[in-house]
Amino acid sequence: MSDGKLPKSKATLTSEPPPEGNSVQAPGVPEVERRQRPRPKISTTPPAPPPPPRLDDYEPIIGKPELDDLRFLARQLRGKTVKMVNSTAVGGGVAEMLNRLIPLLNELEVETKWEVITGGNDFFEVTKGFHNALHGGEYAVTQAVKDIFMMYTEQNRQRMQFVEDLFVMHDPQPAALITSRERNRGCWVWRCHIDLSNPNPEVWGFLRPFIDQYDAAIFSSPAFSRQLACPQYLFYPCIDPLSEKNKDLEESVVAKVCDDFGLDRSRPIITQISRFDRLKDPVGVIQAYKLAKKYVDCQLVLAGGGATDDPEGAAVLQEVMEEADDDPDIIILNLPPWSAIEINALQCASTLVIQKSLKEGFGLTVTEGLWKGKPVIAGAVGGIPTQVIHKLTGVLVHSVEGCAYQIRYLLTHPEYAAQLGKNGREHVKENFLMTTNVKRWLLLFQILLGMTRLHSPEER
Amino acid sequence: MATAEMPAVAGRWARAPFYFNSAAHLMRIGREKACNLAELLEALRVCPDESIFQHTFQTLREHHFIREGFSNDFAHWAFAACNEVGLAERLAGIDVREFTSIASLRQRLVDIVDSYGKQNPRARERTAFEPFYFAASELIVIPTPFVGRNLAEFADGIRQVSLYSIHYHFIEARLRLKLNSNDFSLWLEHELDLARLADRINQIDIYTATLHDVRRTILRVVQSAL
């Protein structure tokens, strides 16, 4: 965090300015107390990623029969080859997911190659414009824009070979590579990770003729889909239970992170993990906490990133700091992107997890909270109601007051809260784990290649 | 004498073995969508059988861990998105195990939504908080290595197969069999002459138990005969 972006009185509350990526304590704690808190130690550079897990590593989580099903489905696909194409090898949810999915498919002997399209800044400016416009923003699709998009598509088409049996294009950037289709007879799938419920008509009108040539499209929610010529499938976004952010942690690790961040584990902790973004309503979370705090004792952790490299994020962080006022029980953490273990530990240490979004894609932080068996209070927006079934796997709220009430209720009814957490974890295990998505891919490949016979529910 | 019969029952060979299968489902996004009860009714009439299956039988498996309060997607939507508690209750009261065909289940759903709409005409056109998106389940049957040639092996299979397999044989089966029964009970009765055991298993209530509970109860019943 840049000191200059914070009100001086708040930025200088600790004995020395916090280095970038370290915690920013809410104002109001006496200086002596603040100095007693150890400084959190987060690396200033990303650590090397751990090796991806092996399939057998998932057995304690999903069970042997489920792994056997995956192996059976994969065995039938042996000898088939797959190419997946996206626009970046690092950073972003798609690359993160492919980094896990592709090793697992290869371990299952479904030979899968990952290629990344290349292009100049002008290409990525165009595709960023497309991305925002497909979310409903404005964008003018001029002839120059079309030419840039098609020129780089053609370059990538010439550079790549399309000799596999299945091709999966992720998001709009490589979508026009379908024009390579005439060279071979493989099956083509478009995996759309973004919300197409309200696309800019001009951009969608340009992309749609390409999409209509695919054999299948995949969306993360029925609400995100469009009417298309090809069949559409539902693949929920997923988390990897063995990733740094979701694996089981030793209690000592959780304890250390809590110590580092000055959390008192003898009292309830409620946590929202999210970027400092108004659509995540961090100010509303503080207001709900303040209302609840009149009746129940608790601490609030707001942890996320986006305040360092994003001017709007810095402004939101400042609003959050102001709303936090002098409350020593509000702990605001601006974390670097490589804080997976810290985020995991904070979620594990939490009594309640909140995601009070006003607008949301799927909301993988909700999935993470549910996976840790925590009672989750979340805004009823985007993909959240798919995960949080009200009063069964968590609770949905529509207002600050509703959020405050649920904090009070869940903190005073721990058995009910525990049951929600238990159901929530099962819900994730059933629907939102990486291994479930591996199974979906294997099924889809079999269906597209005509390698299996679909059964009617009434068929003997 | 019960004790003297135990080994005989445990080791008695079935006339035909029980082959445990599992099932894998892929969800296809349907073309139908409902923004109010009138649209739901229309979509219920025309959607594919696989959609009725998905939102009733299949969703029960996807939410098997919930012991109470979840029955099918239509009931949940009527409650959560339409705030029509009376309709939600009636839809939630549908027990999929009473149906041996998708057509009869579809008709029951249509009848309930239709009659509720007639009694509550304002509710028919009221826009829901969020639409109901129809999906359809594409089903692939997967063989497992487990085979029960006698009761002991059957119990071992029940213990080891996935919950998908339990759902496939115990709940989905009635659509294939066209009987108010399940694959396990049918096998026990026809291949091992254990009709009482078969009945006890068929009586397990899936709406107040998780699939883990169902597995445990089947095992308890079977082991009581071993």
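## Helix packing and the contact between chains A and B

The axes of helix α11 (residues 195–202) of chain B and helix α12 (residues 211–225) of chain B come within 9 Å and cross at roughly 165°. That angle is over 145°, so α11(B) counts as roughly antiparallel to α12(B). The crossing of this pair is right-handed. From α11(B), the contact draws on Leu197(B), Arg200(B) and Ile201(B). From α12(B), it draws on Ile218(B), Val221(B), Val222(B) and Ala225(B). By class, six of these residues are nonpolar, none is polar and one is charged. The model is a predicted one.

**Chain B as a whole**

Chain B holds 12 helices and two strands. Along the sequence, the elements run α-β-α-α-α-α-α-α-β-α-α-α-α-α. Taken along the principal axes, the C-alpha atoms of chain B fill a box of roughly 65 × 30 × 25 Å.

**The contact between the chains**

How many residues does each chain bring to the contact? Chain B supplies 32 residues and chain A supplies 35 residues. On the side of chain B that touches chain A, four elements give two or more residues: β1 (18–34), α3 (49–62), β2 (132–148) and α9 (163–177) of chain B. Which of them gives the most? That is β2(B), with eight residues. By class, this side of chain B divides into 19 nonpolar, six polar and seven charged residues.

**Helix pairs in chain A**

Two helix pairs of chain A are set beside the chain B pair below.

| Helix pair | Axes come within | Crossing angle | Handedness |
|---|---|---|---|
| α11(B) and α12(B) | 9 Å | roughly 165° | right-handed |
| α10(A) and α15(A) | 8 Å | roughly 50° | right-handed |
| α6(A) and α7(A) | 9 Å | roughly 115° | left-handed |

Take α10 (residues 282–293) and α15 (residues 400–412) of chain A, whose axes cross at roughly 50°. Why is this pair called oblique? The angle is neither under 35° nor within 65 to 115°, so α10(A) is oblique to α15(A). Helix α10(A) passes α15(A) in a right-handed crossing. On the α10(A) side stand Gly284(A), Gln287(A), Ala288(A), Tyr289(A), Leu291(A) and Ala292(A). They meet Val400(A), Glu401(A), Cys403(A), Ala404(A), Ile407(A) and Arg408(A) in α15(A). The class split for this contact is eight nonpolar, two polar and two charged residues.

The other pair joins α6 (residues 121–134) and α7 (residues 143–159) of chain A. Their axes come within 9 Å and cross at roughly 115°. Is the crossing of α6(A) and α7(A) left-handed or right-handed? Helix α6(A) passes α7(A) in a left-handed crossing. Asp122(A), Phe123(A) and Val126(A) make the contact from α6(A). Val145(A), Ile148(A), Phe149(A) and Tyr152(A) make it from α7(A). By class, the contact has six nonpolar residues, no polar ones and one charged residue.

**A strand pair in chain A**

Strand β2 (residues 81–86) of chain A pairs with strand β3 (residues 111–116) of chain A. The pairing is parallel and spans six bridges. Within it, Val85(A) stands opposite Glu115(A) in β3(A). What links the two strands along the chain? The path from β2(A) to β3(A) runs through helix α5 (residues 93–107) of chain A. This β-α-β crossover is right-handed.

Terms used: Residues are numbered from 1 along each chain as its sequence is written. Chains are lettered from A and ligands numbered from 1 in the order in which they are written. This is a predicted model: local features need pLDDT of at least 70, side-chain atom pairs count only at pLDDT 80 or more; totals for chains, interfaces and linings use all residues. Axes are lines fitted to C-alpha atoms, for helices over the stretch in contact, and angles run from 0 to 180 degrees between N-to-C directions. A crossing is left-handed if the near helix is turned anticlockwise from the far one by less than a right angle, and right-handed if clockwise. Two residues are in contact if their C-beta atoms, placed from the backbone, lie within 7 Å. Ala, Val, Leu, Ile, Met, Phe, Trp, Tyr, Cys and Pro count as nonpolar, Asp, Glu, Lys and Arg as charged, and the others, Gly among them, as polar. Two strands pair if DSSP finds at least two bridges between them. A crossover is right-handed if, with the strands pointing away from the viewer, the path from the first strand over the helix to the second runs clockwise.
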